[in-house]
Amino acid sequence: MSQHADLTPQQARDLLERDPDAVLVDVRTRAEWSFVGLPDVTALGKQVVPIEWTTFPDGAPNQRFLEQLMAALPSRDAPVLFLCRSGARSAAATATAAAAGYTGATNVSEGFEGDLDEHGHREANGWKQAGLPWRQG
């Protein structure tokens, strides 16, 4: 298992553009995909791979996460970038994927919505705040 530093959303988007084998896996919940939105990588000729880390509405761990990941991405050598709301769930998904042999498993720090600011709003950083393409689910 190789160790990879986290990537910022901009670095992740750049890698997706640069490497034809790179894949973005969004591990948020179905509700988040629908109501908050999804990164849009269609201009790069790619699609986001949505696989819940925890399920909605109960927040239980997705017991089929690895099974779904292996079905969606059978090659374990390509860069696989994991994204969630702020980087915590995706860090856990990254570690799980790396332990399962995904050598290019990398966490996208800051996530889709970013960290909370001093007012409790997710406006400090993240994919959306970086001005990267996204679409409403």
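**D26.** I looked up D26 first in this predicted model. D26 is buried, because its relative accessibility is 0% and the cut-off for buried is under 20%. I placed D26 in strand 1, which covers residues 23-26. Next I asked what the side chain of D26 touches. I found a polar contact with the side chain of W33, at 3.1 Å.

**The sheet.** I then traced the sheet that holds strand 1. Four strands form an open sheet, and I read their order as 3-1-4-5. The pairing is parallel. Which strands stand at the edges? They are strand 3 (49-50) and strand 5. Each has a single partner strand, so one side of each has no neighbour in the sheet. As a reminder to myself, strands of a sheet pair through backbone hydrogen bonds, either parallel or antiparallel.

**Strands 4 and 5.** I went on to strand 4, residues 79-83. How many bridges link strand 4 to strand 5? I noted four, in the parallel sense. For the register, I found V80 opposite A105 in strand 5. Further along, F82 stands opposite N107 of strand 5. I also followed the chain from strand 4 through helix 4 (residues 88-99) to strand 5. Together they make a β-α-β unit, and I noted the hand as right.

**Faces of strand 5.** Strand 5 runs over residues 104-107. Are its faces covered or open? I found both covered. G104 and T106 are buried on one side. A105 and N107 are buried on the other. So strand 5 is an edge strand with one side lacking a strand neighbour, while both of its faces are covered.

**S75.** I looked for S75 in the loop between helix 3 (65-72) and strand 4. S75 counts as partly exposed, because its relative accessibility is 41% and that lies between the limits of 20% and 50%. The side chain of S75 reaches the backbone nitrogen of D77 at 3.4 Å. I also checked S75 against T103, 28 residues apart along the chain. Their C-alpha atoms are separated by 9.8 Å.

**Backbone oddities.** I noted two places that go against the usual rule. Most residues other than glycine have a negative phi, and most peptide bonds are trans. The bond joining F56 and P57 is cis, with omega at about 10 degrees. P57 sits in the loop between strand 3 and helix 3. E110 is not a glycine, yet I read a positive phi of about 75 degrees. I placed E110 in the loop between strand 5 and strand 6 (134-135). E110 is partly exposed, with a relative accessible area of 22%.

**Cavity.** Last, I looked for enclosed space. The structure holds one cavity of 30 Å³ or more. The largest cavity has about 30 Å³ of space. Which residues line the largest cavity? I listed P39, D40, V41, T42, K46, Q47, V48 and R135. By class, I counted three nonpolar, two polar and three charged residues in that lining.

How values were computed
Residues numbered from 1 in each chain as written. Predicted model: local features only at pLDDT ≥ 70, side-chain atom pairs only at ≥ 80, totals over all residues. Heavy atoms only, no water. 1 Å grid on protein atoms, 1.4 Å probe; cavity = no way out; pocket = protein on both sides within 12 Å on 5 of 7 lines; lining within 4 Å. Points joined across faces, edges and corners; volume = space filled by probe spheres on them. Nonpolar A, V, L, I, M, F, W, Y, C, P; charged D, E, K, R; others polar. Buried < 20%, exposed > 50% of the residue type's maximum accessible area, 1.4 Å probe, protein only. Helix = DSSP H or I, 4+ residues; strand = E, 2+ residues; numbered from the N terminus. Pairing = 2+ DSSP bridges. Right-handed = clockwise from strand over helix to strand, strands pointing away. Polar contact = N/O pair within 3.5 Å; in protein donor to acceptor, adjacent residues only side chain to side chain.
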